[in-house]
Amino acid sequence: MTIRLGIVGVGKIARDQHLPAIAANPHFDLVAAASRHASVDGIASFATIEEMLAGVPDLDAVSICTPPGGRSDIVRAAIAAGKHVMIEKPPGATVSEVVALEQLAADAGVTLFATWHSREASGVDAARDWLADKQVTSVAISWREDIRVWHPGQDWILGPGGFGVFDPGINALSIVTKILPTELSVESGALHVPDGRESPIAATVQMRCGNGAPGRVDLDFLQTGPQSWDIVVETTAGTLTLRDGGKTLSIDGKGAAEGGGIDEGEYPRLYARFAELVPSAGRDVDLRPLQLVADAYLVAHRVVADPFEF
Ligand code: NAP
């Protein structure tokens, strides 16, 4: 089955990852794009999803790469037109809007695939398998990257519903909710929001595992020099370390030393999964990472940080 696909929101991640992954997957034929300012060479381009759905009515599916704020209306339009839908992380600006979208997709009999690209990094499944029978004693997440490198000029990310430093931080939460043999809950935190902005540029969150073990999350968007995306899980049987955003796994310091950049296999694996879901109109929506961010916003105290300009 060839899936006639439209893409919505032609920005950094669409160009860096989605377009190459779609081009390399024989199950997909990219036939249309919708973006207010951008276009994709060689295919029909429209300013809005409504225009795309009207202009190319025989689309089978839509991949949505816009920021989370305002994405719900786009997903609703696609579902209402009977299209299968894949969405970038975070799946929405709120938990409740995504719950509603999942219900709409079920009622319409179409796929809703809420992707978590970091769960596809090459060390993640092996980490989950190793931890499956272990007793966790602590979890530490340190996600430190340079907003100017990874999100150049993206004012939306520090706006309302932009997630701020939780935009990358939710990737770490998507990994730990996949690999830990115990659920995590949020206890307290601090959100450092630049003066005049709405979303945090740094955050710390204290968590607790279901078995009582402590968890700590440190997120920083102002990291210059070496970037780090690290998760350390202490257990009674040894220490598991995932570095490079889930790509590099070691146990007690021993293991693969891949390193360097993100795992280029993440997006090809997401599109392979979408191609699996579409024929049966299957749904894959796990809201636990988004729920943890929402809970951090509920209990954390706010600190006014220095103003930030790109
Ligand atoms: P981006 O470069 O700003 O691209 C998003 C595009 O969506 C924009 O270029 C814009 O194109 C369109 N858009 C539609 N409505 C918009 C609105 N209200 N505000 C801003 N843009 C709007 O952002 P991105 O980095 O690609 O991120 C998009 C999504 O991908 C986010 O959910 C992010 O978490 C996720 N993601 C990003 C990265 C990364 O490294 N940057 C990595 C993985 C996942 P038009 O102006 O043409 O409409």
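This tour goes through a predicted model, starting with an annotated domain, then the ligand site, then two backbone details.

**The annotated domain.** Select residues 3–113. An unreviewed UniProt entry gives this range the feature "domain: Gfo/Idh/MocA-like oxidoreductase N-terminal". Colour the range by secondary structure: helix makes up 39% of the chain here and strand 23%. Then pick the C-alpha atoms at the two ends of the range, which are 15 Å apart.

**The ligand and its shell.** Select the ligand next, and show the protein surface around it. The space that the ligand takes up is the largest pocket. Expand the selection to the surrounding residues, of which there are 24. S35, R36, H37, K89 and D167 are the closest of them. Colour the shell by residue class: ten of its residues are nonpolar, eight are polar and six are charged.

**Contacts to ligand oxygen atoms.** Which parts of S35, A38 and W156 should be displayed here? For S35, show the side chain; one of its polar atoms is 2.6 Å from an oxygen atom of the ligand. For W156, the side chain is again the part to show, with a polar atom 2.9 Å from a ligand oxygen atom. For A38, display the backbone instead, where an N or O atom lies 3.1 Å from an oxygen atom of the ligand. Of the 870 Å² of accessible area that the ligand has on its own, the protein covers 82%.

**K89 and P90.** Stay with K89, already listed among the residues closest to the ligand, and add P90. The peptide bond between K89 and P90 is cis, with omega at about -20°. Trace the chain to either side of P90: this residue is in the loop that runs between strand 5 (84–87) and helix 4 (95–108).

**D244.** Finally, select residues 238–251 and centre on D244. Strand 12 (238–243) and strand 13 (248–251) flank the loop that holds D244. What is there to check in the backbone of D244? Its phi is near 55°, a positive value in a residue other than glycine.

Terms used:
Residues numbered from 1 in each chain as written. Predicted model: local features only at pLDDT ≥ 70, side-chain atom pairs only at ≥ 80, totals over all residues. Heavy atoms only, no water. UniProt positions renumbered as here; feature names shortened; annotations may be inferred. Helix = DSSP H or I, 4+ residues; strand = E, 2+ residues; numbered from the N terminus. Near = heavy atom within 4 Å. Polar contact = N/O pair within 3.5 Å; in protein donor to acceptor, adjacent residues only side chain to side chain. Areas by Shrake-Rupley, 256 points an atom, 1.4 Å probe, with all protein chains shown as cover. 1 Å grid on protein atoms, 1.4 Å probe; cavity = no way out; pocket = protein on both sides within 12 Å on 5 of 7 lines; lining within 4 Å. Sits in = over half its atoms within 2 Å of the grid points. Nonpolar A, V, L, I, M, F, W, Y, C, P; charged D, E, K, R; others polar.
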